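Work through the exercises below with the sequence and the 3D view open. Try each task before reading its solution.

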Amino acid sequence: MKSRIDWIIWILITIVIIVAVELIILLFTKSLTVTFESLGGVAAAAALISTIYYYSKQSELLKTEVEEVSKRADIHFDDDLLFNYFSHSVRVFLKVENKENVSVTNAMCFIHIQDMWKLKDYMKSNIYVNGDDKKMWEPLVNANDRFREVEGEPLSWNVWLNNNFGIESMQFRYLTIIPALGTGLAELMDIYLCEGNDGAEKFYILRVFSEYGPEQKPKVIFKLPIGGDVEIKIRVKATGDRVKNTAEGEVIIKPTDEGNDYQIDFNSHKYRIGEFFTSENNKRHAERVKC
């Protein structure tokens with residue numbers, strides 16, 4: 001449609017030039033014969049001029065379109081993790097920032113759990129809470145009948161694009177838009193402090209999310225006994241359409257130096273997990289649960 005309008009404008013400009021020149025010739029010669037004899041040459045010249053003008057405008061438009069297409073977003077993970085406190089858990093988010101004035105479409109965030117086969121003894125097939133017979137969580141990957149490596153699998157976003165359904169009619173939540181100069185939050189995991197065997201056993205539950213979001217089946221569930229020496233490394237990547245780079249980072253869950261707790265390392269920041277469940281000095285915190 002736009003191309004057709006451009007051609008109409010070009011034709012009108014050509015006609016206007018021809019008429020204007022012919023009127024000038026008629027004004028000075030006072031002769032219709034001379035005026036009509038010059039018509040062919042004037043028309044050819046007018047057509048040439050208007051054609052040059054038309055294609056110069058088209059060249060400017062093409063240059064603008066190329067510049068727009070060549071724009072790419074610059075995305076990266078924020079240095080800090082983001083935490084959301086619930087009554088009995090803490091949710092961990094990865095914050096993906098877009099530094100450019102162009103939005104990222106079809107943005108995705110992927111995780112790769114390194115050497116996952118070494119963590120099989122710490123994976124759970126289900127978790128019960130408060131002695132209830134109802135299963136609270138059942139992961140997509142477990143060490144019994146469905147164990148596999150988690151390599152390059154998508155996480156969910158807190159704000160997502162509807163894009164069909166997966167297994168068991170669960171809604172996919174792994175696509176989003178990161179606006180120009182904006183951010184997106186990828187949902188990584190929920191952490192619980194649990195007590196078992198009438199309080200004799202204390203451990204953390206890490207519910208690592210899947211592409212379906214926190215309310216649906218998690219990707220994998222880890223049980224970390226407090227005082228243990230388990231180390232979990234999760235490589236994270238974010239990308240999407242119209243990006244100039246892939247954002248990369250690594251989340252490490254490991255014992256503290258004292259060995260009596262676990263911490264999360266991300267970039268240069270360290271977060272002691274036990275502090276998420278500490279009520280000292282009226283801090284935000286989550287309560288422990290019985291598992």
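The exercises that follow deal with a predicted model.

**Exercise 1. Place A247 in its surroundings.**
Which strand holds A247? Is A247 buried or exposed? Which residues does A247 touch, leaving out those up to four places away in sequence?

*Solution.*
Step 1. Find the element. A247 belongs to strand β12, which covers residues 247-255.
Step 2. Check accessibility. The relative accessible area of A247 is 2%. Buried means under 20%, so A247 is buried.
Step 3. List the contacts. With residues up to four places away in sequence left out, A247 touches I75, H76 and F77, and also V236, K237 and A238.
Step 4. Take one contact further. V236 is 11 residues from A247 along the chain, and their C-alpha atoms are 8.1 Å apart.

**Exercise 2. Classify an aromatic pair.**
How many aromatic pairs does a search of the whole structure find? Are the rings of F172 and Y174 stacked or edge-to-face?

*Solution.*
Step 1. Count. The search gives 8 aromatic pairs.
Step 2. Get the two descriptors for F172 and Y174. Their ring centres are 5.2 Å apart, and their planes meet at 70°.
Step 3. Apply the cut-off. Planes over 60 degrees apart count as edge-to-face, so the pair of F172 and Y174 is edge-to-face.
Step 4. Add accessibility. F172 has 17% relative accessibility and counts as buried.
Step 5. Look for a cluster. F83, Y85, Y271 and F276 together make one aromatic cluster.

**Exercise 3. Find charges over rings.**
Which ring face does K120 lie over? Which one does R173 lie over?

*Solution.*
Step 1. Start at K120. K120 sits over the face of F147, at 4.7 Å from the ring centre.
Step 2. Go to R173. R173 sits over the face of W160, at 3.7 Å from the ring centre.

**Exercise 4. Examine two positive phi values.**
Where does E168 lie? Where is N267? How exposed is each residue?

*Solution.*
Step 1. Recall the background. Most residues other than glycine have a negative phi.
Step 2. Read E168. Its phi is positive, about 55°, although E168 is not a glycine. E168 lies in the loop between β6 (156-157) and β7 (176-178). E168 counts as exposed, because its relative accessibility is 56% and the cut-off is over 50%.
Step 3. Read N267. The phi of N267 is also positive, near 55°. N267 is in the loop between β13 (262-266) and β14 (269-272). Its relative accessible area is 45%, so N267 is partly exposed.

How values were computed
Residues numbered from 1 in each chain as written. Predicted model: local features only at pLDDT ≥ 70, side-chain atom pairs only at ≥ 80, totals over all residues. Heavy atoms only, no water. Helix = DSSP H or I, 4+ residues; strand = E, 2+ residues; numbered from the N terminus. Buried < 20%, exposed > 50% of the residue type's maximum accessible area, 1.4 Å probe, protein only. Contact = heavy atoms within 4.5 Å. Phe/Tyr/Trp six-rings, centres within 6.5 Å; stacked < 30°, edge-to-face > 60°. Lys NZ or Arg CZ within 6 Å of the ring centre and 35° of its normal.
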